[in-house]
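Student: Could you take me through one part of this model in detail? I'd like to look at the sheet and what packs on it.

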Amino acid sequence: MPDYSDFPQLFVDNLKKSGFEPFLITDKVSEFKYRGLESIKNFFIKNIFRDKSYKQNLINRHFEEELGHQLSTIEGKLDYILVIRPDNFPVSFIKKLKERTSKLIAYQWDGIEKFPEVKKYFNLFDTFFCFEEVKNQHNIKQITNFYFDHLPPFYKPYNTENPNLYFVGLYWKSREEKIDRFIDEVSDSNVHLSIFIQYFKEPERKNSKITYIKDRITFEKNLEHVKNSDILLDFVDPLHNGLSIRFFEGLYYQKKVITDNVMVKNYDFYHPDNIFIVENNNYKNIELFLKKPYHKLPEEIVEKYGFSNWIREIIK
């Protein structure tokens with residue numbers, strides 16, 4: 001899986017809790033360095049022939065060799081190999097993984113159209129899971145995101161008087177307007193806003209009620225914010241066609257959610273006291289939603305969306 005925040009260790013810990021003996025390979029490898037006369041050769045190819053591909057090919061070779069080394073440290077045949085974001089890895093390496101297991105499984109935790117290169121990987125796997133629905137592909141199965149259930153649950157009574165609304169996400173120009181609109185609509189309500197936007201390129205304009213950050217918040221830090229919040233905000237990525245992890249964190253930690261993702265109505269954990277859907281300009285109804293207490297859901301519904309159940313579904 002990608003070396004993304006502290007997610008790899010969370011996967012390993014939850015797999016151990018679920019009864020597995022896990023091994024981890026990430027896309028984090030040692031820094032590329034030229035060998036022998038490669039640096040001189042690259043200089044001539046780049047400057048005389050105007051070809052910049054030579055160095056990139058060397059980097060690609062180094063990346064695959066490093067991945068192969070990680071794989072070689074794992075002995076024997078594996079019962080299952082699960083690849084998160086397979087498009088982060090070379091096709092040739094995925095084929096090597098196939099030789100080491102009787103069941104090669106993929107999970108694309110980001111949207112297919114957001115990273116369309118992944119379509120080339122569909123047929124490399126015995127089963128390919130995605131949180132979106134993918135039609136006309138026989139081995140693509142839809143599965144939701146999840147919460148990590150090896151972490152202890154935490155319950156803070158919902159604050160009906162001055163709820164804390166929390167959001168963290170990447171800056172997307174396409175959702176800037178709706179976040180600004182939401183802030184304007186709730187600013188007169190008795191709420192506390194904790195909105196963090198991570199950007200790679202400085203936004204052209206900034207909202208004074210948003211905290212803009214350059215570095216990604218770790219999952220551990222994010223979880224602190226989740227636990228201290230009353231309502232999680234979810235502004236759907238226009239290139240996504242499923243539910244974000246926020247819904248499942250809200251389920252586990254008994255947090256309300258305000259979202260513009262109408263798809264959530266189709267799920268068994270949806271309850272109008274817990275999840276407010278922004279649609280048809282219905283902002284005036286948020287005030288009433290804020291005053292209602294959290295509606296506790298049956299335990300079997302909550303457990304259904306935990307990692308332990310998710311991994312059983314993945315491998316069966």
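Tutor: Six strands make up an open sheet in the order 7-6-5-8-9-10, with parallel pairing. Strands here (E, at least two residues) and helices (H or I, at least four) are DSSP runs, numbered from the N terminus, and two strands count as paired if DSSP finds at least two bridges between them. Keep in mind that this is a predicted model: local features need pLDDT of at least 70, side-chain atom pairs count only at pLDDT 80 or more, and totals for chains, interfaces and linings use all residues. Residues are numbered from 1 along each chain as its sequence is written, and side-chain values use heavy atoms, with hydrogens and water left out.

Now the edges: strand 7 (211–213) and strand 10 (275–277) each have a single partner strand, so one side of each is left without a neighbour in the sheet. On average, neighbouring strands are turned by 20 degrees against each other, direction ignored. Axes are lines fitted to C-alpha atoms, for helices over the stretch in contact, and angles run from 0 to 180 degrees between N-to-C directions.

Zoom in on strand 6 (residues 192–198): three bridges join it to strand 7, and the two run parallel. Phe196 sits opposite Thr211 of strand 7.

Then there are the helices on the sheet, where contact means heavy atoms within 4.5 Å. Helix 5 (residues 173–186) packs there, touching strand 5 (164–170), strand 6, strand 8 (231–234) and strand 9 (256–259). The direction of helix 5 makes about 170 degrees with that of strand 5. Helix 6 (residues 219–228) also packs on the sheet, touching strand 5, strand 6 and strand 8, and its direction makes about 155 degrees with that of strand 5.
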